[in-house]
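Here is a short briefing on a protein–DNA model. The points are grouped by topic.

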Amino acid sequence: MIAPPASEVELLTRAHALAGLTLDALAGQLEEILPTAGLHAKGWIGTLLENALGADAGARPMPDFTQLGVELKSIPVGADGQPRESTFVCTAPVIVPPAMQWENSTVHDKLRRVLWIPIESGAQKFGARRIGWGFLWSPTPEQDTVLRYDWQELIDLIALGQWTQITARLGRYLQLRPKAAHGRTLRAAVDDSGTPNQTLPRGFYLRATFTHEILAAHLRAAHRQ
DNA sequence: GCGTGATCATCT
DNA sequence: AGATGATCACGC
């Protein structure tokens, strides 16, 4: 158990010390056992990085580094450097509190400041994947505007109980997708006529097209240095 | 069961 | 091939 970093600089320094390491190497340092690749490894890399960097949020719905307000996201990238998957942000509420606004939403909380750490993905053996160069990101004003708009559109559908209208096709940067152990998971909700019912729990995700934009912008900025 | 960490598998 | 909908593992 490593203490949480005291500053963003310390966090970034820790992250950069991991760059170039394979998962095998980092797991060895932390005395953690590599999972068998593929199906049963979902989420394992993210947890490994949390442990390596001193994240302290656990499973609470708040940024991983609670004192810094920084969220950690590992992101699988192909040989081309492009994200291979969408990025889970947080669970979506099923009952929307009347006072809920973008500014006090969990999505906003988590995306306000993110430490992105690219992870090699692709055909190689799981343990041979290398950790990339992490970088801190905050939404630009333009990105924040789109995120806010997406969030409002999606949260309105939930608040109005219009579950049948909800699809992953909605949202430019943010989308809603199922987030559950399996398809039979149900959550108490209210439908669009105000009648209590049940619905599949969903989560907010960032589209890969958006995270691609984030990574590309970072690389352009880094090249100018 | 719920929220965290995500990726898998199917459809278009 | 890319996006959508479904699923896997862990801690509490």
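**Surface near DNA strand C**

The surface near DNA strand C is made up of 6 nonpolar, 6 polar and 5 charged residues. The model is predicted. The points below take DNA strand C, then DNA strand B, then a pair of packed helices.

*Who lines DNA strand C*

- Around DNA strand C there are 17 residues. Those that come nearest are His-40, Lys-42, Ala-168, Gly-183 and Arg-207.
- Strand β5, residues 174–178, supplies the largest share of this surface. Its contribution is 3 residues.
- Sugar or phosphate accounts for 54% of the atoms of DNA strand C within 4 Å of the protein. The rest of those atoms belong to bases.

*Phosphate contacts on DNA strand C*

- Gly-183 uses its backbone: one of its polar backbone atoms is 2.7 Å from a phosphate oxygen of DNA strand C. Gly-183 is also one of the residues that come nearest to this strand.
- Gln-175 uses its side chain, with an N or O atom 2.9 Å from a phosphate oxygen of DNA strand C.
- Thr-167 also offers a side-chain N or O atom, here 3.5 Å from a phosphate oxygen of DNA strand C.

*Who lines DNA strand B*

- DNA strand B is surrounded by 25 residues. The closest are Lys-42, Asp-64, Lys-179, Arg-187 and Tyr-205.
- Lys-42 is listed among the closest residues to DNA strand B, and Lys-42 is among the nearest to DNA strand C.
- By class, the surface near DNA strand B has 11 charged, 7 polar and 7 nonpolar residues.
- Helix α3, strand β1 (71–77) and strand β2 (87–91) each provide at least two residues of this surface. Strand β1 gives the most, with 4 residues.
- Of the atoms of DNA strand B within 4 Å of the protein, 61% are in sugar or phosphate. The rest are in bases.

*Polar contacts on DNA strand B*

- Arg-187 has a side-chain N or O atom 2.6 Å from a phosphate oxygen of DNA strand B. Arg-187 is also among the closest residues to the strand.
- Glu-71 places a polar side-chain atom 3.0 Å from a phosphate oxygen of DNA strand B.
- Ala-59 works through its backbone, where an N or O atom lies 3.5 Å from a sugar or linking oxygen of DNA strand B.

*Packing of helices α1 and α3*

- Helix α1 covers residues 8–18 and helix α3 covers residues 44–53. Their axes are 10 Å apart, at an angle of about 125 degrees.
- That angle makes α1 oblique to α3.
- The crossing of the two helices is right-handed.
- From α1, the contact uses Leu-11, Arg-14, Ala-15 and Leu-18. They meet Leu-49, Ala-52 and Leu-53 in α3.
- By class, this contact has 6 nonpolar residues, 1 charged residue and no polar ones.
- Helix α3 also supplies at least two residues of the surface near DNA strand B.

Notes:
Residues are numbered from 1 along each chain as its sequence is written. Chains are lettered from A and ligands numbered from 1 in the order in which they are written. This is a predicted model: local features need pLDDT of at least 70, side-chain atom pairs count only at pLDDT 80 or more; totals for chains, interfaces and linings use all residues. Side-chain values use heavy atoms; hydrogens and water are left out. A residue is near a molecule or strand if one of its heavy atoms lies within 4 Å of it. A polar contact is a pair of N or O atoms within 3.5 Å; within protein, one must be able to donate a hydrogen and the other to accept it, and residues adjacent in sequence count only if both atoms are side-chain atoms. Ala, Val, Leu, Ile, Met, Phe, Trp, Tyr, Cys and Pro count as nonpolar, Asp, Glu, Lys and Arg as charged, and the others, Gly among them, as polar. Axes are lines fitted to C-alpha atoms, for helices over the stretch in contact, and angles run from 0 to 180 degrees between N-to-C directions. Angles under 35 degrees count as roughly parallel, over 145 as roughly antiparallel, 65 to 115 as roughly perpendicular and the rest as oblique. A crossing is left-handed if the near helix is turned anticlockwise from the far one by less than a right angle, and right-handed if clockwise. Contact means heavy atoms within 4.5 Å.
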